[in-house]
Amino acid sequence: MNRLEHEIFDRAYQSYLCGSDQYSYKFKSLSENMLKKYKQALKNLSDNELIEVVLISENKAKLTITEKGINYGNNII
């Protein structure tokens, strides 16, 4: 897991711990290069079944954490 994937997952997991069902991750940069990196990081996390991407807009993504993601988060603390 690279740094960007870790940041996205960590924020979604912390949101889950605070009782939220969904997390909205706002992209810090809207440059074309960074948008590609965000989308790739979200795809990798989704492919590993750690999160589910509900919606991707031009400046944010709505995520839910999966059961596998919850177990992963519990084990790394």
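**T66 and the loop before α3**

I began with the side chain of T66 in this predicted model. One of its polar atoms lies 3.1 Å from the backbone nitrogen of G69. I placed T66 in the loop between β3 and α3. I then listed its contacts, leaving aside neighbours within four places in sequence, and found E49, L50, I51 and E52.

**T64**

I went back along the chain to T64, which sits in strand β3. I looked up whether T64 is buried or exposed. Its relative accessible area is 17%, and the cut-off for buried is under 20%, so T64 counts as buried. With neighbours within four places in sequence set aside, I found T64 in contact with D21, Q22, I51, E52 and V54. I noted that I51 and E52 are also on the contact list of T66.

**Helix α1: length and ends**

I checked the length of α1, which covers residues 3–17. At 1.5 Å a residue, its 15 residues should span 21 Å, and I found the end C-alpha atoms 21 Å apart, which agrees.

At the N-terminal end I found a cap by N2, with a side-chain oxygen 3.1 Å from the backbone nitrogen of L4. Just after the helix, I read a positive phi of about 100 degrees at G19.

**Helix α1: burial**

I recorded L4, E5, E7, I8, F9, A12, Y13 and S15 as the buried residues of α1. I then asked which elements these buried residues pack against. They pack against the helices α2 (32–47) and α3 (67–76), and against the strands β1 (23–26), β2 (51–56) and β3 (60–65).

I also looked up D10, which belongs to α1. Its relative accessible area is 33%, so I entered D10 as partly exposed. I took one long-range distance from D10: its C-alpha atom is 15 Å from that of V53, 43 residues apart along the chain.

**α1 against α2**

I looked up how α1 and α2 cross. Their axes come within 9 Å, at an angle of roughly 65 degrees. Angles of 65 to 115 degrees count as roughly perpendicular, so I entered the two helices that way. I recorded the crossing of α1 past α2 as right-handed. On the α1 side the contact is made by L4, E5, I8 and F9, and on the α2 side by K37, Y38, A41, L42, N44 and L45. I noted that L4, E5, I8 and F9 are also on the buried list of α1.

**α1 against α3**

I did the same for α1 and α3, whose axes come within 10 Å and cross at roughly 95 degrees. This pair is therefore also roughly perpendicular. I found F9, Y13 and Y16 of α1 meeting G69, I70, Y72, G73, N74 and I76 of α3. F9 is listed in the contact with α2 as well. G69 is the residue whose backbone nitrogen I had paired with the side chain of T66.

**N59**

I ended at N59, in the loop between β2 and β3. Its relative accessible area is 37%, so I entered N59 as partly exposed. I found a polar contact of 3.3 Å between the side chains of N59 and S57. Not counting residues up to four places away in sequence, N59 touches Y25, K26, F27 and L30. I also took the C-alpha separation of N59 and N33, which is 13 Å for 26 residues along the chain.

Notes: Residues numbered from 1 in each chain as written. Predicted model: local features only at pLDDT ≥ 70, side-chain atom pairs only at ≥ 80, totals over all residues. Heavy atoms only, no water. Helix = DSSP H or I, 4+ residues; strand = E, 2+ residues; numbered from the N terminus. Expected span 1.5 Å × (residues − 1). Buried < 20%, exposed > 50% of the residue type's maximum accessible area, 1.4 Å probe, protein only. Contact = heavy atoms within 4.5 Å. Polar contact = N/O pair within 3.5 Å; in protein donor to acceptor, adjacent residues only side chain to side chain. Axes fitted to C-alpha atoms, helices over the stretch in contact; angles between N-to-C directions. Parallel < 35°, antiparallel > 145°, perpendicular 65-115°, else oblique. Left-handed = near helix turned anticlockwise from the far one by under 90°.
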